[in-house]
Amino acid sequence: MNEKIDQIRLLLTTLENELENDQGKEFSKNFNVLELPSIVSSIVDFLHPLLTQYEISIYWYLFNKSIVKTGEQYARASTRSMSSIAKSTFKTSAGLSCQGTQKSINSMIEKEVLSSVGDTTKAGTLYKVCIPDEIPICKELMKAQILEEEQSINLETELDFYNIAENRLKIFERDGYKCHYCIKQLTRFSASLDHIQPVSKGGDNSFSNLITACLHCNSERGNKPVMDYVISRAERKQTTLFEE
Ligand SMILES: [Zn+2]
């Protein structure tokens with residue numbers, strides 16, 4: 001009994017694996033002309049740094065034969081045709097024998113940039129040309145770049161323009177030493193810094209969250225939202241005009 005169950009399990013696993021493989025083969029994205037510029041730019045940014053010059057020339061040859069010409073990711077090509085394209089690109093024969101070309105192709109298959117799909121005929125082997133979004137090593141590079149960008153943004157917001165004296169002056173200079181609310185001309189001694197988003201509400205000491213204010217306006221505003229304070233000032237001005 002147990003043996004039979006084991007056999008069934010084995011069959012199921014094989015079936016599952018076959019299904020997965022079939023789905024992989026069936027995956028064929030039809031590319032749209034509008035997507036091309038962003039794909040090309042991601043290839044230049046994230047694939048070029050990971051390939052040799054020979055691999056790049058072969059990749060573009062297959063890319064043109066597949067995605068550009070048919071909108072599909074599959075192209076059939078022979079090692080001989082790829083070898084001659086690489087030769088004409090570099091105007092030299094060094095290292096571009098059929099053997100060298102095959103080595104470049106194998107290296108790209110290893111990097112999961114290309115995969116050979118099934119049979120080889122007289123016309124060559126059918127390759128699937130992957131785009132950076134699908135290539136593991138490109139995805140890693142993309143992730144690293146996003147992380148780097150995030151870190152540089154964090155660094156900017158971490159810069160303290162409130163507690164560091166020379167940074168405070170940068171805000172005053174940006175605002176021309178004028179109070180943001182009453183437009184009074186101030187000096188470096190009478191000017192103060194006001195947080196647009198109060199610290200108590202999560203505001204930081206970044207360049208964009210600080211404005212110049214006179215001490216009077218600064219303390220009168222307190223923790224009120226900037227717009228509320230500006231409106232209440234304008235209303236007060238109107239009523240005093242009426243009273244006059
Ligand atoms: Zn003021």
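This briefing walks through the overall layout, the strands, the nonpolar cores, an aromatic cluster and one threonine. Keep in mind that the model is predicted. The protein chain has 244 residues, and 31% of them count as buried. Its secondary structure adds up to 9 helices and 5 strands.

**Overall layout**

- Going along the sequence, the elements of the protein chain come in the order α-α-α-β-α-α-β-β-α-α-β-β-α-α.
- Take the contacts in the protein chain between residues at least 6 apart in sequence: 55% of these link residues at least 24 apart.
- The protein chain exposes an accessible surface of about 16100 Å², and carbon and sulfur atoms account for 56% of that.

**Strands around β3**

- Strand β3 spans residues 124-129 and is mostly covered, with 5 of its 6 residues buried.
- On one side of the pairing list is β1 (residues 74-77), which is antiparallel to β3 and joined to it by 4 bridges.
- If you want a spot to look at there, find Ala77, which sits opposite Thr125 of β3.
- Strand β2 (residues 114-121) also runs antiparallel to β3, with 5 bridges between them.
- Here a handy landmark is Ser116, whose bridge partner in β3 is Tyr127.
- The link from β2 to β3 is a hairpin of 2 residues.

**Nonpolar cores**

- The largest nonpolar core has 28 residues, and the members that touch the most others are Leu47, Tyr59, Leu62, Phe63, Met82 and Leu114.
- Contributions of at least two residues each come from α2 (36-46), α3 (53-70), β1, α5 (98-110), β3 and α6 (136-158).
- Helix α3 gives this core its largest share, 7 residues.
- Met82 is a good place to see how the pieces meet: leaving out residues up to four places away in sequence, Met82 touches Ile58, Tyr61, Leu62, Ala77, Thr101, Ile105 and Tyr127.
- Two of those names are already familiar from the strands: Ala77 is the residue facing Thr125, and Tyr127 is the β3 partner of Ser116.
- Apart from the largest core there is another one, of 16 residues, including Ile171, Leu210, Ala213 and Cys217.

**Aromatic cluster**

- The structure has 6 aromatic pairs.
- One of them is Tyr59 with Trp60, arranged edge-to-face, with 6.1 Å from centre to centre and 70 degrees between the planes.
- The two partners differ in cover: Tyr59 counts as buried because its relative accessibility is 1%, under the 20% cut-off.
- Trp60, at 26% relative accessibility, lies between the 20% and 50% cut-offs, so Trp60 counts as partly exposed.
- Tyr59, Trp60 and Phe63 belong to one aromatic cluster, and both Tyr59 and Phe63 are also among the best-connected members of the largest core.

**Thr212 up close**

- Thr212 belongs to strand β5, which covers residues 210-214.
- With a relative accessible area of 0%, Thr212 is buried.
- Its side chain makes a polar contact, at 2.8 Å, with the side chain of Asp175.
- Setting aside neighbours within four places in sequence, the residues in contact with Thr212 are Ile171, Phe172, Asp175, Tyr177, Lys178, Cys179, His180, Leu186, Ala191 and Ser192.
- Ile171 on that list is also a member of the 16-residue core.

Terms used:
Residues numbered from 1 in each chain as written. Predicted model: local features only at pLDDT ≥ 70, side-chain atom pairs only at ≥ 80, totals over all residues. Heavy atoms only, no water. Buried < 20%, exposed > 50% of the residue type's maximum accessible area, 1.4 Å probe, protein only. Polar contact = N/O pair within 3.5 Å; in protein donor to acceptor, adjacent residues only side chain to side chain. Contact = heavy atoms within 4.5 Å. Pairing = 2+ DSSP bridges. Areas by Shrake-Rupley, 256 points an atom, 1.4 Å probe, with all protein chains shown as cover. Core = buried A, V, L, I, M, F, W, Y, C linked by side-chain atoms within 4.5 Å. Phe/Tyr/Trp six-rings, centres within 6.5 Å; stacked < 30°, edge-to-face > 60°.
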